[in-house]
Amino acid sequence: MKTANNLLSGLGTTIFTVMSALAVEHQAINLGQGYPDTEGPRDVLEHAAAALLTHSNQYPPLTGLLELRQAVSAINRRFYGLEIDPLTEVVVTSGGTEALAASLIALLNPGDEVIRLLGATPRIVRLNPPDWGLPEPALRAAFSPRTKLVLLNNPMNPTGKLFSSRELTLIAELMLQHDAYAICDEVYEHLVFDNLRHIPLMTLPNMRDRTIRIGSAGKTFSLTGWKIGYATAPAALATLIAKAHQNLTFTSPPNLQRAVAYGLAKDDAYFADFAQTLARKRDRLRSGLTNAGLPCLPSSGSYFVIADISGLEFAGDDQAFCRHITETAKVTAIPLSAFYDQPNAPTNLVRFAFCKQDHVLDEAVARLSRLRS
Ligand SMILES: Cc1ncc(COP(=O)(O)O)c(C=O)c1O
């Protein structure tokens, strides 16, 4: 038989799948998985349930229901002062994941280079612990005449880093100098703590025309299974994203879109309470881990906190440690080295998700504490 796609055949199973399977095998508390273990806001769910019974369940428009595009436009204005045309500058997708894929398809030609901040091919700028600061010389050196775009995840998974205004200004300056675009994965935009403010790169001078900004209702409403995302882009790029979307999934469930439109119009208190609740969970897990001998790096956003395993004097790397705690303490985390494509990744750091119920976090900490004693 002819061989299937060589590229995919050659890919291994992801660490998330491996660790989750191990967690099931050992009946471990899985703090490797980055999704909440409670349901999202009741009123948003009820809105979806009612909409399913009262509205059409047939294909919605290619770029999404107008009411959701209008809601995306309105929340961009409310939070960031961005003026987005709901008719031409928003494309609703099946999650941030599809928005990302469609945006890359929309912009890239063969031979183009992509600068990715932490992670994969081909021009990687590595950020380093403990503060994950943007190294200016490395960023400058990564740009070339072939640079088509910068791929930026802000707030960042797995580090919980929020890019500063100074760092974003540098990225913007280099983009202008090299006539590059940016695709900004900002799915954690509303999961930002300690009264810090998420700054979309798109809000910086001259960035509006060369930036695609991606959001996700899954993260904003703790409904990760809904897979409703939205790309916001200048009309010329949004048209191309829509063409890619047409060939990827074409549309996303209309009545989930309706409920997300309702959710995005929730008052500021919802967004503030949501971030505070998550920040309390971060603090709860962080102090528990610290007491258990696992001090944590700062996390300003996302679902994640990174712990340093060096102090435990465990004889092995982060991968072995995650396997060990799953098997013996029955708590699962993700080794940070799995996020790197380059050699010399740190091997003393592991990622824990704190978007879980308090009693689950407490039990995980209790189990890890017993491990040390
Ligand atoms: C940085 C980042 N981008 C995108 C996604 C995917 O978002 P969605 O579920 O809306 O496709 C995730 C999910 O974990 C993520 O961490």
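This is a selection-by-selection tour of a predicted model.

**Stop 1: strand E12 and its sheet**

Select residues 349–353, which make up strand E12. Are these residues buried or exposed? Five of the five are buried, so E12 is largely enclosed by the rest of the structure. Colour the strand by facing to see how this works out: Leu 349, Arg 351 and Ala 353 point one way, while Val 350 and Phe 352 point the other way. The burial covers both sets. In a regular strand the side chains alternate between the two faces of the sheet.

Now add the neighbours of E12. Strand E9, residues 304–308, pairs with E12 in the antiparallel sense over five bridges. Two of the partnerships can be picked out by residue: Phe 304 is bridged to Ala 353 in E12, and Ile 306 is bridged to Arg 351 in E12. Next select residues 334–335, strand E11, which is joined to E12 by two bridges and runs antiparallel to E12. Here Pro 335 has Val 350 of E12 as its bridge partner.

With the three strands displayed together, the order reads E9-E12-E11, in an open sheet with antiparallel pairing. Which strands stand at the edges? E9 and E11 do, each with a single partner strand, so one side of each is left without a neighbour in the sheet.

**Stop 2: helices on this sheet**

Keep the sheet visible and add residues 268–291, helix H11, which packs on the sheet and touches E9 and E12. The direction of H11 makes about 10° with that of E9. Then add residues 318–329, helix H12. Helix H12 lies across E11 and E12, and runs at about 45° to E12.

**Stop 3: H11 against H13**

Stay with H11 and select helix H13, residues 358–372. The axes of H11 and H13 come within 9 Å and cross at roughly 10°. Angles under 35 degrees count as roughly parallel, so H11 and H13 are roughly parallel to each other. To see the contact, show side chains for Lys 281, Arg 284, Leu 285, Gly 288, Leu 289 and Asn 291 on the H11 side. On the H13 side, show Asp 358, Leu 361, Asp 362, Val 365, Leu 368 and Arg 372. By class, the residues of this contact divide into five nonpolar, two polar and five charged.

**Stop 4: H4 against H10**

Select helix H4, residues 66–80, together with helix H10, residues 254–264. At what angle do H4 and H10 pack? The angle is about 25°, with the axes 8 Å apart. H4 and H10 are therefore roughly parallel to each other, and their crossing is left-handed. From H4, the contact takes in Glu 67, Leu 68, Ala 71, Val 72, Ile 75 and Arg 78. These meet Gln 257, Arg 258, Val 260, Ala 261 and Leu 264 in H10. This contact has seven nonpolar, one polar and three charged residues.

**Stop 5: strand E7 and its partners**

Move to residues 211–216, strand E7. Six of the six residues of E7 are buried, so E7 is largely enclosed by the rest of the structure. Both faces are covered, with Thr 211, Arg 213 and Gly 215 on one side and Ile 212, Ile 214 and Ser 216 on the other.

E7 can be shown with two partners. Strand E6, residues 181–185, is joined to E7 by four bridges, and the two run parallel. Cys 184 has Arg 213 of E7 as its bridge partner. Strand E8, residues 229–232, pairs with E7 in the antiparallel sense over four bridges. There, Ser 216 is bridged to Gly 229 in E8.

**Stop 6: two loop residues**

Select Asn 206, in the loop between E6 and E7. Its relative accessibility is 55%; exposed means over 50%, so Asn 206 counts as exposed. Draw a C-alpha to C-alpha distance from Asn 206 to Gln 357: the two are 151 residues apart in sequence and 42 Å apart in space.

Finish at His 26, in the loop between helix H2 (15–25) and strand E1 (29–30). Is His 26 buried or exposed? At 18% relative accessibility, His 26 counts as buried. Leaving aside residues up to four places away in sequence, His 26 touches Thr 326, Glu 327 and Lys 330.

How values were computed: Residues numbered from 1 in each chain as written. Predicted model: local features only at pLDDT ≥ 70, side-chain atom pairs only at ≥ 80, totals over all residues. Heavy atoms only, no water. Buried < 20%, exposed > 50% of the residue type's maximum accessible area, 1.4 Å probe, protein only. Pairing = 2+ DSSP bridges. Axes fitted to C-alpha atoms, helices over the stretch in contact; angles between N-to-C directions. Parallel < 35°, antiparallel > 145°, perpendicular 65-115°, else oblique. Left-handed = near helix turned anticlockwise from the far one by under 90°. Contact = heavy atoms within 4.5 Å. Nonpolar A, V, L, I, M, F, W, Y, C, P; charged D, E, K, R; others polar.
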